[in-house]
Amino acid sequence: MTREPALLDRPRSPTPPPPLDWLTLGDAFEAACLLRCTPPPTAARPSAARPAHAPGVEFNREDAAQRMRQLLARLDIPVTHEVAVGGLRRRYELHRLWVPQEHHGAYARMLDAGWWQGRRELLGGPLPGASPARRRLVSRLAAAAWRSALLAAGRHVRRHILGVRLTDRELAAVLIRGAAVLDVPARLHPGTGCFLVSVADGPDRARILSSAALEPARAAAHGATATHGTAVLSARGVSVPPARRPAC
């Protein structure tokens, strides 16, 4: 089945949104990257067509869902958190986040603006002579992109590499550029239906993990339903994903 386009896969609007301040940009860009790491929610997949501004996103890791809730709370966008358990011998959890109807427009505009402005800052700069503040912004965006991928994309961990599997070509390019901003060489490996972005084990892996480290979570947004339990972990300590994850 052909993957339906996600919210941010649609063509860019001819009228660019007004620029975000740098603190808001960091949160909106990271939320947009998290969204780009995920397929459409399974609840919406049986239907014929997905709305252009889909109000839901689904994660198979609780920490990714909690991070998205934290970011949307900072952006003043309320969200409802639902947990579904699946599988028979190998149990797993799906964490679904839904934005109330009255906030769909603000959600779409914020993440759209965050993606395009953050992408432009990261891929285009910092230019020679850029201020220290702008250089810090670009480093923050690079770390945000990698943090999103490590939380929400398909992890590909081997003895000699740390990698993430993605179906979004533009996000793969952002991760390659983000690694360079963080002084880490990264490699892109095209696969069947996805892209593998990887960094070498050792100092490169340590720098990526240190840069993308998640700060302590703040209180969840008001109105969200409480979660229960934690994601099922494999022997490597990585959440066991549903079988729907694409494999390179």
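Colleague: Let's start with helix 3, which passes helix 5 in a left-handed crossing. What makes a crossing left-handed?

Modeller: Bear in mind that this is a predicted model. A crossing is called left-handed if the near helix is turned anticlockwise from the far one by less than a right angle. Helix 3 passes helix 5 in that way, so the crossing gets the left-handed label.

Colleague: And why are helix 3 and helix 5 called oblique to each other?

Modeller: The axes of helix 3 (residues 104-124) and helix 5 come within 10 Å and cross at roughly 45°. Angles under 35 degrees count as roughly parallel, and 65 to 115 as roughly perpendicular. An angle of roughly 45° fits neither range, so helix 3 and helix 5 are oblique.

Colleague: What about helix 1 and helix 4, at what angle do they pack?

Modeller: Helix 1 (residues 22-36) and helix 4 (residues 132-152) have axes 8 Å apart, at an angle of about 25°. That is under 35 degrees, so helix 1 counts as roughly parallel to helix 4. The crossing of helix 1 and helix 4 is right-handed.

Colleague: How do you know that helix 1 is largely enclosed by the rest of the structure?

Modeller: Of its 15 residues, 12 are buried, so "largely enclosed" is a fair description of helix 1. Among the buried residues are L25, G26, F29, C33 and R36. For the whole protein of 248 residues, 46% count as buried.

Colleague: What makes the length of helix 1 close to the expected one?

Modeller: Helix 1 reaches 21 Å from its first C-alpha to its last, and 21 Å is also the expected value at 1.5 Å a residue. Helix 5, with 13 residues, reaches 19 Å, close to the expected 18 Å.

Colleague: I see cysteines in the sequence. How many disulfides does the search find?

Modeller: Zero, across the whole structure.

Colleague: Why is there no bond between C33 and C37?

Modeller: A disulfide needs its two sulfur atoms within 2.5 Å. The closest cysteine sulfur to that of C33 belongs to C37, and the two are 6.9 Å apart, so that is too far for a bond. Seen from the other side, C37 is in no disulfide either, with the sulfur of C33 as the nearest one.

Colleague: Are C33 and C37 buried or exposed, and how do you know?

Modeller: Both fall under the 20% cut-off for buried. C33 has a relative accessible area of 0%, and C37 is at 8%, so each counts as buried.

Colleague: Over to D168. What makes D168 a cap for helix 5?

Modeller: D168 lies in the loop between strand 5 (161-166) and helix 5 (169-181). One of its side-chain oxygens lies 3.0 Å from the backbone nitrogen of E170, capping the N-terminal end of the helix. The cut-off for a polar contact is 3.5 Å, so the 3.0 Å pair falls within it. The side chain of D168 also reaches the backbone nitrogen of L171 at 2.7 Å.

Colleague: What is the distance of the contact between the side chains of D168 and R36?

Modeller: It is 2.4 Å, a polar contact that joins the two side chains. D168 itself has a relative accessible area of 6%, so it is buried. R36 is on the buried list of helix 1 too.

Colleague: And at the other end, which residue with a positive phi follows helix 5?

Modeller: D183, whose phi is near 65°. D183 is not a glycine, and it lies in the loop between helix 5 and strand 6 (187-190).

Colleague: Why is D183 called exposed?

Modeller: Exposed means over 50% relative accessible area. D183 is at 60%, so it qualifies. D76 has a positive phi too, near 60°, and sits in the loop between helix 2 (62-74) and strand 2 (80-86). At 66%, D76 counts as exposed because that value is over 50%.

Colleague: Last one: how do you know which class A206, in helix 6 (residues 203-211), belongs to?

Modeller: A206 has a relative accessible area of 44%. That is neither under 20% nor over 50%, so A206 is partly exposed.

Methods: Residues numbered from 1 in each chain as written. Predicted model: local features only at pLDDT ≥ 70, side-chain atom pairs only at ≥ 80, totals over all residues. Heavy atoms only, no water. Buried < 20%, exposed > 50% of the residue type's maximum accessible area, 1.4 Å probe, protein only. Helix = DSSP H or I, 4+ residues; strand = E, 2+ residues; numbered from the N terminus. Polar contact = N/O pair within 3.5 Å; in protein donor to acceptor, adjacent residues only side chain to side chain. Expected span 1.5 Å × (residues − 1). Axes fitted to C-alpha atoms, helices over the stretch in contact; angles between N-to-C directions. Parallel < 35°, antiparallel > 145°, perpendicular 65-115°, else oblique.
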